[in-house]
Amino acid sequence: NNILQQQQKNSSIITVISGLFKLEWEGDGFVGLNAKTYYCFNNNDKTKNKYSSKGISKAFDLSKDDYLRVIQTKSTGNQENKGFVYKNNKMYSYILKKQGLTYVYCKRKLLGDGMSTTYLDI
């Protein structure tokens, strides 16, 4: 505590204190599908919801139900990413169809409850 008090008094001194973590998010629940693919939700204040969807455009505005559907149905949703690319002095539009939120996670073993994981014994 003394170190923190000194740091607060003299903000020009930058110190690193190992073992301290800042609170990234606080709310009512968390749905995690894969690394960098999660949805944090707050039932009372929707503006505090936070999500990450690696490789999927934020324009899709995914919801908690989208993440839960992947777990409940054990299926992958497909997404369309649209955009423009400039090539050889011409502008082209493209549509890229790809797997979106995916149920498969090959870096951990899924346990019988369908939610918990453990290490791979390889």
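Tyr39 is buried, with a relative accessible area of 7%; buried denotes under 20% relative accessible area, exposed over 50% and partly exposed in between, with a 1.4 Å probe and protein chains only. The model is predicted: local features need pLDDT of at least 70, side-chain atom pairs count only at pLDDT 80 or more, and totals for chains, interfaces and linings use all residues. Residues are numbered from 1 along each chain as its sequence is written, and side-chain values use heavy atoms, with hydrogens and water left out.

**Overall architecture**

The protein comprises 2 helices and 7 strands, in the sequence pattern α-β-β-β-α-β-β-β-β. Helices (H or I, at least four residues) and strands (E, at least two) are DSSP runs, numbered from the N terminus. Of the 122 residues, 19% are buried. About 10100 Å² is exposed, and carbon and sulfur atoms supply 52% of it; accessible areas come from the Shrake-Rupley method with a 1.4 Å probe, and for residues only the protein chains shown count as cover.

**Aromatic pairs**

Rings of Phe, Tyr and Trp (its six-membered ring) pair if their centres lie within 6.5 Å; planes under 30 degrees apart count as stacked, over 60 as edge-to-face and the rest as tilted. By this rule there are 3 aromatic pairs, including the two tabulated here.

| Pair | Centre to centre | Angle between planes | Class |
|---|---|---|---|
| Tyr39 and Tyr51 | 5.8 Å | 20 degrees | stacked |
| Tyr39 and Tyr67 | 5.4 Å | 45 degrees | tilted |

The pair of Tyr39 and Tyr67 links distant parts of the chain, with Tyr39 in strand β2 and Tyr67 in helix α2 (residues 64–73), 28 residues apart. Ring pairs join Tyr39, Tyr51 and Tyr67 into a cluster. Tyr51 counts as buried at 17% relative accessibility, and Tyr67 is buried with a relative accessible area of 0%.

**Surroundings of Ser52**

Ser52 belongs to strand β3 (residues 50–53) and, at 19% relative accessibility, counts as buried. A polar atom of the Ser52 side chain lies 2.8 Å from the backbone oxygen of Lys36. When neighbours within four places in sequence are left aside, Ser52 is in contact (heavy atoms within 4.5 Å) with Lys36, Thr37, Tyr38, Lys58 and Tyr67.

**Lysine over a ring**

Lys64 lies over the face of Phe41, at 4.2 Å from the ring centre. A charge sits over a ring if NZ of Lys or CZ of Arg is within 6 Å of the ring centre and within 35 degrees of the ring normal.

Key. Polar contact = N/O pair within 3.5 Å; in protein donor to acceptor, adjacent residues only side chain to side chain.
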